[in-house]
Amino acid sequence: MQSFDVVIAGGGMVGLALACGLQGSGLRIAIVEEHPSTGTFDASDEHALRVSAINAASERLLTQLGVWQNILAMRANAYQGMEVWEQDSFGRIQFNAAENGLTHLGYIIENHVIRQALWQRAESLPDVTIFTPSSFSNVAWGENEAFITLSDGNMLTSRLVIGADGAHSWLRQHADIPLAFWDYEHHALVATIRTEEPHAGVARQVFHSDGILAFLPLSDPYLCSIVWSLPAESAQQRKIMEPEWFNRQLSVTFDMHLGQCELISERQTIPLMGRYARNFAAHRLALLGDAAHTIHPLAGQGVNLGFMDVAELIGELRRLHRQGKDIGQYLYLGRYERRRKHSAAMMLAGMQGFRQLFDGNNPAKKLLRGIGLSLADNLPGLKPQLLRHAMGLNDLPDWLVSQPPSVEKI
């Protein structure tokens, strides 16, 4: 029987980030992960299909965790502009880093690059133990600690258990925490695309009659990762469509903004679901990231929302431990839960409202959308506020606010 203060279920980006952030706090941390990191990266490898748009708030967190320079050394691409428009409409909004005194607005990074940098960091930390390949097989919730049995036969005790085990969280279900969920009735088709014209470091998104198409600029000036949100049947049709026809449809849907598009990877489709746990914490348990909430990818905020869960919980656990309080008491986890439930609820509501507004071709809604985008692009003082929100600068926990900024000056 091995004893820890914090045991984290899940060694993905969110779980690893929490472990790295608790190093040096005086807490003993364990990570339980079924799929170990490969531990290698080759810059000549093809770009992975799953990427994230990392905003300034997440960049600041990853810098404080000591992994940001390693991520940049592997593969990441800064973007200096964002463009959003609606097909067959006058409405559009643009953001430019230089106009706001910034060097960049964010980074497009492959998920496995972020995870590998965090994994390497966690492996090197004296306060962190990693159990892999392994998973939870049972948890018994005691008054003062949780008793954990792992699939490899190890038995652990912990004052606090962290559910960072994804959207289908075993821990959340085992703790009988209810989940509100809804089907967006869309699938996200992801692929890597070569474009005729260079992307110039601009992230672009177009709303069209039956979906949303985003082009995310990769490190090669002619490569983009696409996320195409479509009704499930349409997504499956495009997944198996002949590449030549797919390329044509993609180029036309994107209004030929980057010329002809060419598919250079396989295509994957991912069902899109919204999820919101009734509780983000319970006796000896806290939920993070997708285990607590999932949102529509139209604004690229899912992983950033999870990283801010991590940042908030790091601050809370460090504070509680300094004050000599029981980190597993639900009473003391209440501030984390209130703050992160509020942020997640606001993001979920905002994405749902935005998606409904841009759904369909009703002429009145189309006119309203065009006017709204144009006003947002031109009203004095509004764009900087929208940009601060997109960069996550309104959602920073107190301890991260006090850290030196990277590039944000707005």
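Which strand supplies the largest share of the lining of the largest cavity? In this predicted model, the answer is strand E7, residues 106-110, with three residues of that lining.

Let me begin with the cavity itself. A search of the whole structure returns one cavity of 30 Å³ or more. Its volume is about 50 Å³. The residues that line the cavity are His47, Arg75, Ala76, Asn77, Ile108, Ile109, Glu110, Leu218 and Ser219. By character, the lining consists of four nonpolar, three polar and two charged residues.

I turn next to a pocket. The second largest pocket has a volume of about 160 Å³. Twelve residues line this pocket, and those nearest its centre are Gly21, Gln64, Leu65, Arg318 and Trp399. As for secondary structure, helix H1, residues 13-22, and helix H8, residues 302-322, each provide at least two residues of the lining. Helix H8 gives the most, with three residues. The pocket lining comprises four nonpolar, six polar and two charged residues.

Now to the surface. Phe90, Leu367, Ile371, Leu375, Leu379, Leu382 and Leu386 together form a nonpolar patch there, and their combined accessible area is about 590 Å². Two helices, H10 at 363-378 and H11 at 382-390, each contribute at least two residues to the patch. Helix H10 makes the greatest contribution, with three residues.

One member of the patch deserves a separate word. Leu375 is located in helix H10. Is Leu375 to be called buried, exposed or partly exposed? Its relative accessibility is 43%, and Leu375 therefore counts as partly exposed. The reasoning rests on two cut-offs: buried requires under 20% relative accessible area and exposed requires over 50%, so a residue in between is partly exposed.

I close with Leu287, a residue of strand E19, which spans residues 285-287. The relative accessible area of Leu287 is 0%, and this residue is therefore buried. How far apart are Leu287 and Ile162, in sequence and in space? They are separated by 125 residues in sequence, while their C-alpha atoms are 5.9 Å apart.

To review the main points: the largest cavity, of about 50 Å³, draws three lining residues from strand E7; helix H8 gives three residues to the lining of the second largest pocket; and helix H10 gives three residues to the nonpolar patch.

How values were computed. Residues numbered from 1 in each chain as written. Predicted model: local features only at pLDDT ≥ 70, side-chain atom pairs only at ≥ 80, totals over all residues. Heavy atoms only, no water. Patch = residues over 30% accessible without salt bridge, like charges linked within 9 Å, V, L, I, M, F, W, Y side chains within 5 Å. Areas by Shrake-Rupley, 256 points an atom, 1.4 Å probe, with all protein chains shown as cover. Salt bridge = Lys/Arg side-chain N within 4 Å of Asp/Glu carboxyl O. Helix = DSSP H or I, 4+ residues; strand = E, 2+ residues; numbered from the N terminus. Buried < 20%, exposed > 50% of the residue type's maximum accessible area, 1.4 Å probe, protein only. 1 Å grid on protein atoms, 1.4 Å probe; cavity = no way out; pocket = protein on both sides within 12 Å on 5 of 7 lines; lining within 4 Å. Points joined across faces, edges and corners; volume = space filled by probe spheres on them. Nonpolar A, V, L, I, M, F, W, Y, C, P; charged D, E, K, R; others polar.
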